[in-house]
Amino acid sequence: DNVSSVKRQLTQLFEISLRETVPGESDVVPLVDSCSEKSGVKHGDYQCNNAMVLWAKIKGKQTGFRGPPAVGQAIMKNLPPSEIIESCSVAGPGFVNVVLSKNWIAQSLHRMLIDGIDTWAPRLPLKRAVVDFSSPNIAKEMHVGHLRSTIIGDTLARMLEFSHVEVLRRNHVGDWGTQFGMLIEFLFEKFPNPEEVNESAIGDLQAFYKASKVRFDSDSEFKQRAQQAVVRLQGGEIRYRKAWKQICEISRTEFHRVYERLGVQLEEKGESFYNPFIPSVLEELGNKGLIEESEGARVIFVDGVKIPLIVVKSDGGYNYASTDLTALWYRLNEEKAEWIIYVTDVGQQQHFDMVFKAAKRAGWLLADDSLYPKATHVGFGLVLGEDGKRFRTRNTEVVRLVDLLDEAKSRSKTAVLERDAAKDWPEEEVDKTSEAVGYGAVKYADLKNNRLSNYTFNFDQMLNDKGNTAVYLLYAHARICSIIRKSGKDIEQVKKTGKIVLDHDGERALGLHLVQFSEVVEQACTNLLPSTLCEYLYDLSDIFTKKFYSNCQVIGSPEETSRLLLCEATAIVMRKCFYLLGIEPVYKI
Ligand code: ARG
């Protein structure tokens, strides 16, 4: 059972209390939440907000209560005794405030230091999920939209994996479709000898794509050949399949260069993979009476959308939607995934909305989205340039992702070399740090925003060492590590013999924030919002610096042992946050 999060443990206590308070009401769900510092006056660390809603439900009945505050009082009185709670009070119209026991917080921290941070991993009510992310298209550009999908998808996968969910990381590459007819014919023209085809001969695949498109649009004889090529490819003709594979392979190498830089793991199951399953899936949907004829095409109508989802085009071909319906079927039935998550720009929201609604009509998914199995579209906004328009570089129309990552690294290298401490670092260490900081900066700048909003790509901002940036956070972590190093103590030994005491307000505030790690990860998973975790990490570093470190001397103080343990716990939680965000930590500055 999950006893990892404070919120869950309190929820269990309030559940018992609520059952006791209103025995007649069966399905009362405890509403327990942490109290935010930001909301001003804080009467406690956590709050239970059931009294008002409960009052509305019972006021007509003979319960003896005289209003919400009395209900609140009863909820408080009926709480079973617990070592977690220091004290309780009822405020306003019946809020039950809980102050946590600082000894309990200290013990939880100590236990985590001994048993490891993984004991704080949330447990989600599912075994297996698919995260469909990155998913660029063969021979077309892998653009900043795909970068966002890669970064967000990887983080979601990491958070779910940490939370004991088995994640199938799927790269749904666009490797099937009519563009291949034209690409293959163009390839045959350029390289009559297939042995000559390789990456360096083709050069830039995007340029190759453009050139073939020009040919396609200007020469009707070529266009016809290209259209036949699609049929021959789909019919499985060896020569065409081979050319298709060659083109895919070149794209793949290019994609992999980006994934390697970013430290992202993905398993490719492209659109072509699902192709053989499409006919039988459509047959099933047809048998269920979902498929209709419309203007020569075969379509599915879904609730609340006027236009139908086209599943077979009027020329008899399959499309993006037929593939996605089939992939969803495969993931549910063959892969037995309970949560299927799609990370793309918000522009594809309607597509997924229609696919999911069709799947609900088919009975594959439940109508209630709070139950598993379920499918969720994780949409995100645009990456903008300084001019407020879609992000592009000065001379080319698109930003090559490898160039972008190169620039992030070289800029951060310049900054690293300016630091005194790095003067006598070996080249390798400078390089490693520059990569961690540079790529971390790009990732964090993306993840810290609510994913639905657009964000402006700005190297100067993301590489600033002040403010809410990866650089600031990485250095904050390195500084904590250096406090521990400077103490000269063997921290593993201190863990065994030392004790954590949270008498100072700064110590308590830090301890409280640390024990909330688990529920924050759980919340970020449930809402599929990496920004929640970024906010937590930023607050952690802020509380450490402003409340704890600026008020509580560590080295040489009577509380040194306890405070070193607090430093260590902070560093461990920060590193786990970095890990979940796909950022490499830095230990020295
Ligand atoms: N290839 C698509 C694109 O570049 C994204 C695919 C997303 N995944 C999916 N199952 N449709 O826009």
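The largest nonpolar core of this predicted model holds 140 residues, of which Leu156, Ile341, Ala441 and Leu533 touch the most other members. Helix H23, spanning residues 560–580, contributes the most to this core, with 11 residues. A second core lies apart from it. That core has 21 residues, including Leu187, Phe216, Val230 and Ile250. In soluble globular proteins, nonpolar side chains tend to be buried together.

Ile341 was examined further. Beyond its neighbours within four places in sequence, Ile341 is in contact with Ala129, Val130, Val131, Asp132, Leu156, Thr376, Val378 and Leu528. One of these partners, Leu156, is also among the core residues that touch the most other members.

The overall architecture was then surveyed. The protein has 589 residues, and 41% of them count as buried. Its secondary structure comprises 23 helices and 14 strands. Along the principal axes, the C-alpha atoms fill a box of roughly 85 × 75 × 40 Å. Among contacts between residues at least 6 apart in sequence, 72% join residues at least 24 apart.

The domain assignment gives four entries: domain 1 (6–100), domain 2 (132–173 + 270–383), domain 3 (179–264) and domain 4 (402–580). Domain 2 is thus listed as two segments. The C-alpha centres of domain 1 and domain 3 are 64 Å apart.

The ligand is surrounded by Asp132, Ser135, Pro136, Asn137, His172, Gly174, Asp324, Ala327, Tyr342 and Thr344. By class, this shell has five polar, three nonpolar and two charged residues. Helix H13 (320–333) and strand S11 (339–345) each supply at least two of the shell residues. Asp132 appears in the shell and is also a contact of Ile341.

Residues 473–589 carry the annotation "domain: DALR anticodon binding" in an unreviewed UniProt entry. Over this stretch the chain is 73% helix and 0% strand. Its end C-alpha atoms are 12 Å apart.

Helix H20 covers residues 505–515. Its buried residues are Gly506, Glu507, Leu510, Gly511, His513, Leu514 and Val515. An α-helix has 3.6 residues a turn, so residues three or four places apart point the same way. The cover over the buried residues of H20 includes helix H1 (6–21), helix H4 (102–115), helix H21 (517–527), H22 and H23.

The loop between helix H22 (530–549) and H23 contains Asn551 and Val554. Their burial was assessed separately. Asn551 counts as exposed because it has 12 C-beta neighbours inside 10 Å. Val554 counts as buried because 20 C-beta neighbours fall inside 10 Å.

The two loop residues were also followed to their partners. Setting aside residues up to four places away in sequence, Asn551 touches His504 and Gly506. Gly506 is one of the buried residues of H20. Asn551 also lies 9.2 Å from Glu507, C-alpha to C-alpha, across a sequence separation of 44 residues. With neighbours within four places left aside, Val554 is in contact with Ile483, Glu560, Arg563, Leu564 and Cys567. The C-alpha atom of Val554 is 64 Å from that of Gln179, 375 residues away along the chain.

Note on methods: Residues numbered from 1 in each chain as written. Predicted model: local features only at pLDDT ≥ 70, side-chain atom pairs only at ≥ 80, totals over all residues. Near = placed C-beta within 6 Å. Helix = DSSP H or I, 4+ residues; strand = E, 2+ residues; numbered from the N terminus. Nonpolar A, V, L, I, M, F, W, Y, C, P; charged D, E, K, R; others polar. UniProt positions renumbered as here; feature names shortened; annotations may be inferred. Core = buried A, V, L, I, M, F, W, Y, C linked by C-beta atoms within 7 Å. Contact = placed C-beta atoms within 7 Å. Domains from an automatic or database assignment.
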